[in-house]
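This briefing concerns helix packing and the burial of one helix. Please consult the sequence and the structure shown here.

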Amino acid sequence: MMDWSFEDYRYLFLFLLIPLLSFLILHFLKWRNKKRLLFADKGFQDFFFLQNSRYTYVFTILYIAAFVFLFLAFANLISGKEEIEVKQKLSNVVFVMDVSNSMNAEDVAPSRLEREKQIVLKSLKNMSNERVGVVVFAGSAVSIMPLTTDYSAIESYIAGIETSIIGQQGTDFLEAMKQAVRMYYNSSKEGRSVVLISDGEDNEGNVSPAIGLAKSNHVKIISVGIGTEQGAPVPDYTFGQLMGYKQDSFGETVISKRETQALVQMSNDTSGSYIDGNSEKASQEILQALSKIKTSTEVKTNSQSSVYYYQWFLGISLLLFFIIYLTNPKRDFNI
């Protein structure tokens with residue numbers, strides 16, 4: 001069964017002009033006849049004026065018909081239009097990157113921070129349609145890239161990340177999650193995920209509030225732990241120059257170790273997964289975890305089998321105007 005409809009019904013309101021146009025034409029013809037009678041008696045009408053054309057009212061009908069078909073062309077009659085449901089995998093990903101000073105430790109080559117950046121960059125190279133955002137955090141958190149598919153811009157930002165990018169040191173998972181959740185305020189609740197990359201040192205004790213915030217906003221956390229259980233000293237850099245290693249209040253060198261408890265808890269409690277960031281397959285495992293989080297979203301769209309008829313109406317309208325012009329371009333109303 002053929003399904004007929006107009007693409008833009010608003011143009012059908014132009015048909016309200018047809019009665020007005022008809023009234024104006026008829027009113028003009030009556031006004032012209034009255035003016036002729038005022039100018040000369042009826043007996044002299046044929047002497048002063050051209051005889052009334054028998055086509056006068058035919059041209060009126062032609063004018064109205066031409067405008068009718070023109071308005072139909074604007075409204076664009078179509079057939080075969082239908083809405084089909086297409087299931088499409090959609091996801092949004094926010095990479096939350098730990099840039100606290102402990103990420104300078106070199107228990108994984110070349111350092112935890114560089115390893116973290118490598119993981120994100122490798123993951124991006126194998127993404128296609130995901131919208132990706134980036135948050136960096138330490139004692140506070142900052143969004144450095146909103147959700148976007150411009151991966152080249154993301155890569156340029158990540159390449160320049162240093163631990164000095166955040167002035168307030170520490171490791172506050174709650175502040176990081178606040179920034180990540182803020183990116184999702186204007187997006188669907190489906191397919192929300194956070195890839196949290198950190199050495200897991202929980203300096204602020206805000207793991208539980210971070211989990212609660214993620215769960216209330218339908219965010220699944222894929223946590224990635226970087227560093228070793230044996231740990232390593234934390235280099236102290238000033239303007240890129242190694243000045244020594246971080247020491248405690250007793251003058252002892254601080255050994256930073258990977259702490260996985262908080263990371264595993266955040267991933268488990270939000271139906272995510274934990275990944276060993278020291279593994280060469282970390283980026284591949286991240287993509288696999290993200291594929292499980294992606295949701296099938298039904299999107300309604302018009303099928304491409306629709307047939308458009310505006311060109312026929314437009315052609316008829318132009319043909320009628322052309323006939324009027326060729327037949328009597330200046331005297332169709334016997335002016």
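Axes are lines fitted to C-alpha atoms, for helices over the stretch in contact, and angles run from 0 to 180 degrees between N-to-C directions. The model is predicted: local features need pLDDT of at least 70, side-chain atom pairs count only at pLDDT 80 or more, and totals for chains, interfaces and linings use all residues. Residues are numbered from 1 along each chain as its sequence is written, and side-chain values use heavy atoms, with hydrogens and water left out.

**Helix α4 with helix α5**
- The axes of α4 (residues 112-125) and α5 (residues 151-159) come within 10 Å and cross at roughly 170 degrees.
- α4 is therefore roughly antiparallel to α5 (angles over 145 degrees).
- Contact (heavy atoms within 4.5 Å) involves Lys117, Val120, Leu121, Leu124 and Lys125 of α4 and Tyr151, Ile154, Glu155, Ile158 and Ala159 of α5.

**Helix α4 with helix α9**
- The axes of α4 and α9 (residues 282-293) come within 8 Å and cross at roughly 50 degrees.
- Arg115, Ile119, Lys122 and Ser123 in α4 meet Ala282, Ser283, Ile286 and Leu287 in α9.

**Helix α8**
- In α8 (residues 261-269), Ala262, Leu263, Met266 and Ser267 are buried (under 20% relative accessible area, against over 50% for exposed and in between for partly exposed, with a 1.4 Å probe and protein chains only).
- These buried residues fall within an arc of 125 degrees seen down the axis of α8, so they line one face of the helix; the arc is that of the directions from the helix axis to the C-beta atoms.
- Gln261 and Asn268 are exposed on the face turned away from the buried side of α8.
- Just after α8, serine 271 takes a positive phi of about 60 degrees.

How values were computed. Helix = DSSP H or I, 4+ residues; strand = E, 2+ residues; numbered from the N terminus. Parallel < 35°, antiparallel > 145°, perpendicular 65-115°, else oblique.
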